[in-house]
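Reader: I would like to learn how to read this model. Can you take me through it step by step?

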Amino acid sequence: MSDKHPPFFVGYLPIPQGLKQWLLLVSALLVAGMAGFGLVMGIAQDDPGPGAFRFDYGRQTVTGVVELTPYPLVRVTEGNERIAPGTTLMLSGQGKSNVDARAIPLEGQLAQVSGIVLQRGTLNMLQLRGGRNGMSAVEGAAPAQSSKPLGRWKLAGEICDGKCLAGAMRPGTGLAHKACANLCLIGGVPPVFVSSKPVDGSEFLLVTGPDGTELPKSLYDQVGEYITIEGEVERRGDLLVFSVDPTTVGEPE
């Protein structure tokens, strides 16, 4: 025999006893469903990689030779327990800024640099402290630094900004990061090419324009996209530099 008076919910009255169990069941299923959906969405995302600010290292101070590619580098000659001599450090300022004003007057000279390391695999960057505390001249003759040409390469991969890629952002690659990467490049942060295949043991290459110029702005539209491009590769310490020819950019086959 059917109930002639089924329970009826009215918002401003207590929940009828007959509806409480049904509402609890629906609420539990809704919460479990949302938690499961969130878990699946998280699992489906690409791994952002191991890059990170190495605050656990503490502030690092080393001495080396300043080079311009034109992006500032330091070829470490006197390291410490974290940064070995022979390491090549890309340099950046705070946020999305460069350190050109401090590095250009010291090109080819010995300098002491101090800051926080960002590290991803073989890629190393140092975010300098402000002013002379971050970079200052050191007395003494700078030892000669060699570079090794590796010839012309056609590579497939992605142009990123070196700071976010090294660990300032997670993820620091892909279309989702394109706008942030372009702002970093406009600010003068060194750009990096992430190759789909290792080149002389490394998948990360500092990328410049031809003949030691800055990355052409015409390539900013391709930042964060999977492309092919040709250029000359050279090794400076443990860092590869990729001087690209912007006329060769294309889509992977």
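Author: We will go from domains to salt bridges, then to strands and backbone details. Keep in mind that this is a predicted model.

Reader: Into which domains is the protein divided?

Author: There are two entries to mark. Domain 1 covers 52-137, and domain 2 covers 147-250. Their centres, taken over C-alpha atoms, are separated by 19 Å.

Reader: How many residues of each domain are in contact with the other?

Author: In domain 1, 29 residues are in contact with 29 residues of domain 2. Between them the two domains bury about 2500 Å². Carbon and sulfur atoms hold 60% of that area.

Reader: How many residue pairs are in polar contact between domain 1 and domain 2?

Author: The count is 12 residue pairs, with both residues at pLDDT 80 or more. Now look at the side of domain 1 that touches domain 2. Strand 1 (52-53), strand 2 (60-68), strand 3 (72-78), strand 4 (88-92), strand 5 (110-120) and strand 6 (123-128) each supply at least two of its residues.

Reader: Next, charges. How many salt bridges does the structure hold?

Author: Start with the general idea. Side chains of opposite charge can pair when their charged atoms come close. This structure holds nine salt bridges. Across the interface of domain 1 and domain 2, the rule finds one.

Reader: Which residue forms a salt bridge with Arg-236?

Author: Glu-67 does, and the closest N and O atoms of the pair are 3.0 Å apart. Arg-236 lies in strand 11 (residues 227-236) and Glu-67 in strand 2, so the salt bridge ties together parts that are 169 residues apart in sequence.

Reader: Now the strands. Which strands make up the closed barrel?

Author: The general idea again comes first. Strands of a sheet pair through backbone hydrogen bonds, either parallel or antiparallel. Here, five strands form a closed barrel in the order 8-9-10-12-11, and the pairing is mixed. On average, neighbouring strands of this sheet are turned by 50 degrees against each other, direction ignored.

Reader: Where can I follow the pairing of strand 8 and strand 9?

Author: Strand 8 spans residues 148-161, and strand 9 spans residues 191-199. They pair in the antiparallel sense over five bridges. Take Asp-161: its bridge partner in strand 9 is Pro-191.

Reader: Do strand 10 and strand 12 pair in the parallel or the antiparallel sense?

Author: In the parallel sense, over four bridges, with strand 12 at residues 239-250. Val-207 has Phe-242 in strand 12 as its bridge partner.

Reader: What stands opposite Val-233 in strand 12?

Author: Phe-242 stands opposite Val-233. Strand 11 and strand 12 pair in the antiparallel sense over eight bridges. They form a hairpin with two residues between them. Gly-237, in the turn, has a positive phi of about 65 degrees.

Reader: Which residue has a positive phi although it is not a glycine?

Author: Asp-200, with a phi of about 50 degrees. Find Asp-200 in the loop between strand 9 and strand 10 (202-208).

Reader: One last backbone detail. Is the peptide bond from Arg-170 to Pro-171 cis or trans?

Author: The bond is cis, with omega near 10 degrees. Pro-171 is in the loop between helix 3 (162-168) and helix 4 (178-186).

Terms used. Residues are numbered from 1 along each chain as its sequence is written. This is a predicted model: local features need pLDDT of at least 70, side-chain atom pairs count only at pLDDT 80 or more; totals for chains, interfaces and linings use all residues. Side-chain values use heavy atoms; hydrogens and water are left out. Two strands pair if DSSP finds at least two bridges between them. Axes are lines fitted to C-alpha atoms, for helices over the stretch in contact, and angles run from 0 to 180 degrees between N-to-C directions. Domain bounds come from an automatic or database domain assignment. Contact means heavy atoms within 4.5 Å. Buried area is the accessible area (1.4 Å probe) that two parts lose on being put together, summed over both. A salt bridge is a side-chain nitrogen of Lys or Arg within 4 Å of a carboxyl oxygen of Asp or Glu. A polar contact is a pair of N or O atoms within 3.5 Å; within protein, one must be able to donate a hydrogen and the other to accept it, and residues adjacent in sequence count only if both atoms are side-chain atoms.
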